[in-house]
Amino acid sequence: MTHPHRKNVPANHTHPTPPHPTPAPGPGAGSPVRDAAQALDVLARLDALGAAGSGPALPPPVHIPRPDSSWLRIRENLLESGTTVAYATWTEWLPALLTTPHLSTLLGRDHSRYTATDDPVVRSRFAASRLLIKYTAAAALGIAPRDIDIAYRLRGRPYLRGLDQVEVALTHTGELMAVAISRTGRIGLDAERAGRRLDLDLMRARMCTPAEAAELDTLPAPWRPACVLRLWTLKEAYTKALGQGMRLAFTEFGFGLRAGGLRTPEGAAAAGEEWAFATHPVLGRYLISTARHDAGLDPAGDTSVTTMLDPGLLTAMTAMPPHPHPHPDPGPGPSGPTADI
């Protein structure tokens with residue numbers, strides 16, 4: 001796909017890294033709970049939550065507080081739309097993590113990283129997020145979690161070994177962790193606290209396109225932080241789906257504040273009808289944004305792993321004993337407010 005916002009960018013050009021959202025200077029007014037509720041109300045008023053760009057609507061994320069929760073909606077979403085997203089807090093999954101028999105077998109290649117992580121919070125969050133990947137993929141594909149083998153691409157993005165037809169995305173911030181599975185093409189996720197306080201001047205200068213900045217100016221001042229946060233998570237999700245992360249300058253492409261479609265810096269609708277975008281509130285205090293590419297694959301076909309793989313390959317893939325990951329480890333925890341490894 002040709003992206004209009006990238007047409008004047010040399011192939012070897014290195015973009016300045018956009019800043020992570022930073023707390024606004026000075027004392028903030030209001031509690032985080034109130035700020036989150038206000039942000040969600042603002043976005044609901046703008047009809048932005050769940051808004052899709054071109055392409056089919058994306059299903060809302062499904063709360064899975066425990067491994068023994070119902071996974072039916074996860075499976076149905078994948079069958080109906082080719083995409084499914086599960087979320088939980090790592091603390092909700094902690095009891096299962098502590099009581100799961102044969103945890104080393106279930107974590108597989110990730111067990112060495114788990115045991116090598118000293119910080120108990122980082123260690124538990126890491127293990128819980130890997131279990132969420134495995135259980136979500138297993139529910140979506142109709143196999144056992146222990147038969148899912150997580151591997152990592154060069155920059156730490158997880159994928160399912162032997163399942164090239166399936167894309168996976170992971171994000172977490174604070175207690176929240178979310179996993180997406182897609183059968184239609186690339187998928188990206190990003191999550192943030194809805195009440196996060198931002199330096200709006202810095203974010204506007206380093207992240208917003210001219211069209212986005214102009215549209216922000218038309219809004220009441222109290223509404224702008226929530227809109228900037230939504231733009232931030234959508235851009236993070238999109239660039240992650242592209243495999244670019246924050247190497248693609250966020251000022252080179254945009255979104256409308258009242259709709260999720262991709263736009264040029266000047267505000268015109270960008271080519272890319274195969275992309276769909278959505279932002280959803282979860283747990284009353286977080287936002288999850290999703291960017292999904294439709295490569296023309298049929299999401300309505302049988303998604304069970306036995307129809308996607310040769311039985312011999314499945315046997316070879318799942319019979320392998322766990323061993324340390326052969327590639328350099330990107331580290332036990334994220335460096336910023338959100339992470340995807």
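Start by selecting helices α3 (90–99) and α6 (residues 120–141) in this predicted model. Their axes sit 9 Å apart and cross at an angle of about 85°. Angles of 65 to 115 degrees count as roughly perpendicular, so that is the label for α3 and α6.

Now show side chains at that contact. On the α3 side, pick Trp90, Trp93, Leu94 and Leu97. On the α6 side, pick Val121, Ser124, Arg125, Ala127, Ala128, Leu131, Leu132 and Tyr135. Colour them by type and you get 10 nonpolar residues, one polar and one charged.

Next stop: keep α6 on screen and add α2, residues 72–81. What angle do α2 and α6 make as they pack? It is about 60°, with the axes 8 Å apart. The roughly perpendicular class runs from 65 to 115 degrees, so α2 and α6 are classed as oblique to each other instead. Look at the handedness too: the crossing of α2 and α6 is right-handed.

For the side chains here, select Ile74, Arg75 and Leu78 in α2, then Thr136, Ala139, Ala140 and Leu141 in α6. By type, the contact of α2 with α6 has five nonpolar residues, one polar and one charged.

Stay on Ile74 and pull up its surroundings. Leaving out residues up to four places away in sequence, Ile74 touches Val62, Ile64, Thr84, Val85, Ala86, Thr136, Ala139 and Ala140.

Time to zoom out to the core. Which residues have the most contacts inside the largest nonpolar core? They are Ile74, Trp93, Ile148 and Leu160, in a set of 37 residues. You have already met Ile74 in the α2 contact with α6, and Trp93 in the α3 contact with α6.

To see what feeds this core, colour by element. Those giving two or more residues are α2, β2 (83–89), α3 (90–99), α4 (103–107), α6, β3 (150–152), β5 (167–173) and β6 (176–182). The biggest contributor is α6, with 11 residues.

Then hide that core and look for another one lying apart from it. This one has 36 residues, and good picks to find it are Val42, Leu198, Ala213 and Leu234, which are among them.

Finally, show the whole protein chain. It has 11 helices and 11 strands. Of its 341 residues, 52% count as buried. If you draw a contact map, consider the contacts between residues at least 6 apart in sequence: 71% of them join residues at least 24 apart.

Definitions and conventions
Residues are numbered from 1 along each chain as its sequence is written. This is a predicted model: local features need pLDDT of at least 70, side-chain atom pairs count only at pLDDT 80 or more; totals for chains, interfaces and linings use all residues. Side-chain values use heavy atoms; hydrogens and water are left out. Axes are lines fitted to C-alpha atoms, for helices over the stretch in contact, and angles run from 0 to 180 degrees between N-to-C directions. Helices (H or I, at least four residues) and strands (E, at least two) are DSSP runs, numbered from the N terminus. Angles under 35 degrees count as roughly parallel, over 145 as roughly antiparallel, 65 to 115 as roughly perpendicular and the rest as oblique. A crossing is left-handed if the near helix is turned anticlockwise from the far one by less than a right angle, and right-handed if clockwise. Contact means heavy atoms within 4.5 Å. Ala, Val, Leu, Ile, Met, Phe, Trp, Tyr, Cys and Pro count as nonpolar, Asp, Glu, Lys and Arg as charged, and the others, Gly among them, as polar. A nonpolar core is a set of buried Ala, Val, Leu, Ile, Met, Phe, Trp, Tyr and Cys residues joined through side-chain atoms within 4.5 Å. Buried means under 20% relative accessible area, exposed over 50%, partly exposed in between (1.4 Å probe, protein chains only).
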